[in-house]
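The exercises below are meant to be worked with the sequence and the structure in view. Try each task before reading its solution.

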Amino acid sequence: MDGLKRLSGAKEVKQDDFASGVGTYLVTFDAAPAVKMADIKTNVGKYKLEKIKMKVTGKAAEKNKVWSVGTLALAKAKEGDDLLPKVAELKGKVLILVGFLAEDDKGKQSLELTSVEEVAKKKS
């Protein structure tokens, strides 16, 4: 989708799947994206945006009892297990965090976690 290529910092865009009229696209960024949901909605054009699933690799930090990676606050997913204790357990380690992007009425974004894994160490 050409519109996604215009997202600030987008390095690569590819279609992952398309079935029953629903497309899944992967956007890769060189650095932590500072893209807002409004930017994504604008760049998908006439298509309906149902959800945004993100995979972020980095170290989580805690401030004022809120865990975050970059500008994204980490949150419990609406369905499923609360993975925030696992984030705390892996404090200081590089993590692969997967979840759905959410935005409150003030524009603050969060990642509702569906998966948390430690990045595997490379064998020497």
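**Exercise 1: Two charged pairs**

Lys78 counts as exposed, at 69% relative accessibility; buried means under 20% relative accessible area, exposed over 50% and partly exposed in between, with a 1.4 Å probe and protein chains only. The model is a predicted one, in which local features need pLDDT of at least 70, side-chain atom pairs count only at pLDDT 80 or more, and totals for chains, interfaces and linings use all residues. Residues are numbered from 1 along each chain as its sequence is written, and side-chain values use heavy atoms, with hydrogens and water left out.

Task: Find the side chain that meets Lys78 in a salt bridge, and say where both residues lie.

Solution.
Step 1. The term comes first: a salt bridge is a side-chain nitrogen of Lys or Arg within 4 Å of a carboxyl oxygen of Asp or Glu. Side chains of opposite charge can pair when their charged atoms come close.
Step 2. The partner of Lys78 is Glu112, at 2.8 Å from N to O.
Step 3. Lys78 sits in the loop between strand S6 (72–76) and helix H3 (84–89), and Glu112 in strand S8 (residues 109–118), so this pair ties together parts 34 residues apart in sequence. Helices (H or I, at least four residues) and strands (E, at least two) are DSSP runs, numbered from the N terminus.
Step 4. Unlike the exposed Lys78, Glu112 is buried, with a relative accessible area of 13%.

Task: The whole structure holds 2 salt bridges. Describe the one that Lys93 makes.

Solution.
Step 1. The side chain of Lys93 meets that of Glu118, at 3.9 Å from N to O.
Step 2. Lys93 is in the loop between H3 and strand S7 (94–103), while Glu118 is in strand S8, so the pair ties together parts 25 residues apart in sequence.
Step 3. Lys93 is partly exposed, with a relative accessible area of 34%. Glu118 is also partly exposed, at 33%.

**Exercise 2: The sheet**

Task: Give the order of the strands in the sheet and name its edge strands.

Solution.
Step 1. Strands of a sheet pair through backbone hydrogen bonds, either parallel or antiparallel. Here two strands pair if DSSP finds at least two bridges between them.
Step 2. An open sheet is formed by 6 strands in the order S3-S7-S8-S6-S5-S4, with mixed pairing.
Step 3. Strand S3 (53–59) and strand S4 (61–63) are the edges, since each pairs on one side only.

Task: Work inward from each edge strand: how many bridges does it make, and in which direction does its partner run?

Solution.
Step 1. S3 and S7 run antiparallel and are joined by 7 bridges. Val56, for instance, has Leu97 in S7 as its bridge partner.
Step 2. S4 and strand S5 (residues 66–69) also run antiparallel, joined by 3 bridges. Glu62 stands opposite Trp67 in S5.

Task: Sort the residues of S3 by face.

Solution.
Step 1. In a regular strand the side chains alternate between the two faces of the sheet.
Step 2. The covered face of S3 holds Met54, Val56 and Gly58.
Step 3. The uncovered face holds Lys53, Lys55, Thr57 and Lys59.

**Exercise 3: A residue in S8**

Task: Is Ser110 buried or exposed, and which residues does it touch?

Solution.
Step 1. Ser110 lies in strand S8.
Step 2. Its relative accessible area is 16%, so Ser110 is buried.
Step 3. Contact means heavy atoms within 4.5 Å. Leaving aside neighbours within four places in sequence, Ser110 is in contact with Leu72, Ala73, Ala75, Phe100, Leu101 and Ala102.

**Exercise 4: The whole chain**

Task: List the elements of the protein and say how compact it is.

Solution.
Step 1. The protein has 3 helices and 8 strands. From the N terminus on, they run α-β-β-α-β-β-β-β-α-β-β.
Step 2. The radius of gyration is 15 Å, close to the 14 Å that the globule rule gives for 124 residues, so the protein is as compact as a globular protein of that length. This radius is taken over C-alpha atoms, and the rule is 2.2 Å times the number of residues to the power 0.38.
Step 3. Buried residues make up 28% of the 124 residues.
Step 4. Among contacts between residues at least 6 apart in sequence, 49% join residues at least 24 apart.
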